Structures are given as C-alpha cells and as structure tokens.
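Welcome, and please open the model in your viewer. We will go from the outside inward and back out again, one selection at a time.

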Amino acid sequence: MGKQKHRRKVPAEKRFERAMVDSTDLLADLIADVELPIRTDDFQVFELARLIHDGQPSFRDEEFRMLVELSIRLDLNNAVDVRAEMVDRIRRALPGMTPAARRIAPDVIGAIEDVEFSLDRVGAVVRSYTNQLFCRLEEMPDSEQPTIDGRNTLEQWRAGQIDRAVMFERLRKLGAETVTSVADMLFESLADPSIVETAIELLSMYDDRVSARVLAYLVSEPMLEEDQEAIVRSILKERWPASRNYILYKLKAHTHEDLPFRWFELLVETGEPRAADRILEEVAVHGTHEQHREDLKALLGLLDRSKDPGLTGKVLNLMTEEAIPEAAQELVEEWAESSAIAADLEEALDSWNEGRAILVRGSEDFNSFASGQLDRGFDEIRADRNAAYHESLGWQRRADFPRGPMETEFEQELADAMMGGLSLNPQLDEAALRHQVESFRENWLMTPRDGVIPLVAIYLERSREKPWLEEIYWSEINSWYVKTAQAFDEGNADKARQYLDVLLGIEPDYPLAIVLDRIMVEDFTDD
C-alpha cells in the first residue's frame, strides 16, 4: 500500500468542520455497509416510526435531528470495533481517492479514531446511521397476527376460557411480538392488582428491549402500588442495561414534564457512570423552575448514595461555572452543606476562591499547568497538579486516583528521572517547556526500557469493578492509540511500531490497534 503521510496538523475546530460537513458526500459510500449496532427492537426505531406517523422527518426537524445525534452518542461512540472497521475502510481506500476526498480523509480518520470525538459530528457516519435506522424500521415484522393472537389469548384468559399456565405458554411460544398486547392490557387495568401482577410477570418473561422499556416507563412516574413498583425495579436491575439507552435518551432530551425520580435512582443503583452527571445536568437545566425545586432537592439527595469517585470534582465544576444559573448553584450548595462530600467540597471551594488552579479541563497537560507558575519548583508544581480535579480522570484528583505497587514504584522512578535526567526548568517559557516535556514523554515514557514500566501499564492495576475507572482506562488506551496513529501518518514508522507494540502488549484485542497493525505489516511487506 505504500507509506501514508496524510494526516496534517490542523486546528481542532477546522478538523471538526471537515469531518462533519465535507465527509458526507465524499466518504459516506466507503462506510455505508459497515453494520451498525441497531436492532429492530431498539427504542430509536420505534421513535422513528412515531415521527414518520406524525409527518415526514428530516434534519430540519429538531426532534428527528436530536433522535439521530443522541442515538449515535449512545450506540456508536463507545463501539470501538465499529470505529475500527470504518477506519480500515477509509485507510485502505486512500490510494484510489479523488483529490477532494484525499484532502479531508486524514481529518475524518483522526476524528473516528479518537473516542473523545463524538461520531454525530462526522457527516459520513450520520448519513450511514440514518440510512441503517430507516432500514431497521423496514425490517420490523409487518404482520399484526402475533399481536392479534396475543390479544385473543389474554382475552380468553380473562374470560376464564383458559387457565393461567396455558396463557403463559401460548404467549411464550408467540414470542416478544406479543409485548404490545400485554402492555395494552396492563395500562387498561392499572386498578386491578391481579392483572397488573400478571402483566409484570409476563413482561419479565420476554428477553427483548421493548418489554424492558415498558417496565421502565412503569416506574417513570407513580402509577403502581409500592410493592408492584419494587418488583419492576428489581426486574429492571436484573435486566440492565436493556433499558439503559432508552432512559438516558429520554433524560438527555429533557422532554419529560416531571422529573422521573425512579429513573435517576436506577442509574445510581446500577452504578451508571453518567448518573451524577445527569442529576447535576437536571439541576442546571431546571434550577430556575420553581415547580421543579422540590424534585431537584430529592434528586440531589441521590448523590449521597453515589459511588462516583469524581463526585466532588463534578459538583465543584458546576458550582464554579459562570454559565450555570445562580438558582441552580444555590440548590447544590444547600444540598452540599450536609452531604458526604461537604468537607472536601469546602476545602476545594476555598482553594478556588483563593485563586489556586484546581480544575483541569481536557487532557492532562503538565506543561500548561507548570507554565502558569514559573516561579515555583517542580515538587510544588506536581503537588498542585495532584490536587487538581482532572476532566480526563472523571473529575477525580490525581492524588486520589487508585494506585497499586506498580505505580508506586514507577512514580518514584518518574520523579527521579524528571529531576535528574530531564533537569526540568520551570523558568523556561511555555513553548520551550512544552518541547522538553513532550520530548521526555516520547523518549522515556513511551519507549519501554529495562526496568521501566510503560506509563499506560499502570492502569492495569485499576479496579475492574468500578465503571468510572474502566472508562478512564479505555480512554487512556485510546489516547495511546491516537499517538500511535499520528506517528504512522506522519511517516515515522519506527516510532509508530514502538507505540503499537506497547499497546498490543497490554490490550492485544484492541480493534483499532489490530487494524493499524495489519496495515503496517502490509506496508512493510509491500516495501
């Protein structure tokens, strides 16, 4: 295939614009048949059917646009295997592309390879997702017979013509397409406890996402008896995450008139990494609405049950963000006074009010942190960096980030090497400091040496039982891959090979790394 020196360094905004706008017509055909994780029983297919029933949906329609964009974020952004297949198609097509396509392809590749870049901003992906969404709608069973048969079976049972066991067996054989019949019976008979209990048991029998959504809707507002609701919540947790995307979509869309407390409670109880974010977002959005004030206080109370290790940083971020309404911040302050994080938050706010930098947004950037404090030594700078809340660590502090014996040993080696081998001079201007730090990273951290643990290997010591740390781990893995791909695209095959070998040594099944490895091997063979 030959060397691929295509990726150019362009401003992030320009790359985003190219990926969103220019790629749609020029590159969409390359990835059109990459199979996307859309099922015929997914909520977005049913939402699309509703929009079509109400009119002709298009991207000029806000609700349709929101459906596609949010669905892509929920379904595709973390689907690294799908990203890898798209990248494989585009990279292999580079030699035969038209000049126009070839100009934007590197930016599109870079956008798809970076998991921090949302795929709803890549025009070619949006077109492919939209087309496949319509295809899944067309693939839905068009026969109403199972629904009719299910309704008849339920009517026979209610009329006493067949017993309960026969009714269950018939519906089991008819399959999940009878869920609609069960749901209709349920909502028509909410005042009849025996029918409600039977319907809940039937819905728990199906292994599909439609029944999961019906059960989720049942607890979105108070419509069941307390014991019935407890049963439904138990089923939802057992079948999690069948209803996860539906709940997150509805919450993110903010189309709910009332705040579905039980949904937020489910997110907290299931350890959903976005639970605290969604609660704080509700406060930010509805904090000025007097009718929601008591509901928001109840939602904030759920944060006391959250195990999110970055909760203090997330709350601090909201309370120091100028764009957040004052009424919303006051609600959070009122909750925080008696919360489990009260002491930590007070200390962090004091640091903030004194002008010390304790929030670091974007990727961890040591030199930008250091360059603002040129009159301080390395140890002091590192202490501040450890005390900062990092967006890249889920708003945790580096000092609080879990560490094991590997990291403890490595951290000491790192400090010794930076002080002795690098002779870091904080008096340098920002550009020179950036060059020194980046050069050090590449030559010492990213290239394994005898007795030295590659930086990313530290994350192998993480607790796999905490989903927040899992997200950080895979984000780190992807960051390592992005550096690898950039080195390859810049024509530095030796450097790319070193990075890739480290990555494959840690995660040999990482889809993006496998694709790039295969391409690099083919390039070497061609040469």
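Start with the whole surface: the protein exposes about 25,500 Å², and carbon and sulfur atoms supply 48% of that area. Keep in mind that this is a predicted model.

Next, switch to a cartoon view. You will be looking at 26 helices and three strands. Of the 527 residues in the protein, 50% are buried. Among contacts with a separation of 6 or more, 71% join residues 24 or more positions apart.

Now for the inside. Which residues have the most contacts within the largest nonpolar core? Select Ile-247, Leu-300 and Val-315; the core they belong to has 134 residues. Stay on Leu-300 and show its surroundings: leaving aside residues up to four places away in sequence, Leu-300 touches Ile-279, Leu-280, Val-283, Leu-331, Val-332 and Trp-335.

Then move to helix α9, residues 179–188. Colour its buried residues, which are Val-179, Ser-181, Val-182, Ala-183, Met-185 and Leu-186. What do they pack against? Show α7 (145–158), α8 (164–174), α10 (193–205) and α11, and you have the partners of the buried residues of α9.

From there, follow α11, which covers residues 209–218, and pick out Tyr-217 in this helix. Is Tyr-217 buried or exposed? Tyr-217 is partly exposed, because its relative accessible area of 35% lies between the 20% and 50% cut-offs.

For the last stop, add Phe-187 and Leu-190 to your selection: with Tyr-217 they form a nonpolar patch on the surface, and together the three have about 240 Å² of accessible area.

Notes
Residues are numbered from 1 along each chain as its sequence is written. This is a predicted model: local features need pLDDT of at least 70, side-chain atom pairs count only at pLDDT 80 or more; totals for chains, interfaces and linings use all residues. Side-chain values use heavy atoms; hydrogens and water are left out. A nonpolar core is a set of buried Ala, Val, Leu, Ile, Met, Phe, Trp, Tyr and Cys residues joined through side-chain atoms within 4.5 Å. Buried means under 20% relative accessible area, exposed over 50%, partly exposed in between (1.4 Å probe, protein chains only). Contact means heavy atoms within 4.5 Å. Patches are made of residues with over 30% relative accessible area and no salt bridge: like charges are joined within 9 Å, nonpolar side chains (Val, Leu, Ile, Met, Phe, Trp, Tyr) within 5 Å. Accessible areas come from the Shrake-Rupley method with a 1.4 Å probe; for residues, only the protein chains shown count as cover. A salt bridge is a side-chain nitrogen of Lys or Arg within 4 Å of a carboxyl oxygen of Asp or Glu. Helices (H or I, at least four residues) and strands (E, at least two) are DSSP runs, numbered from the N terminus.
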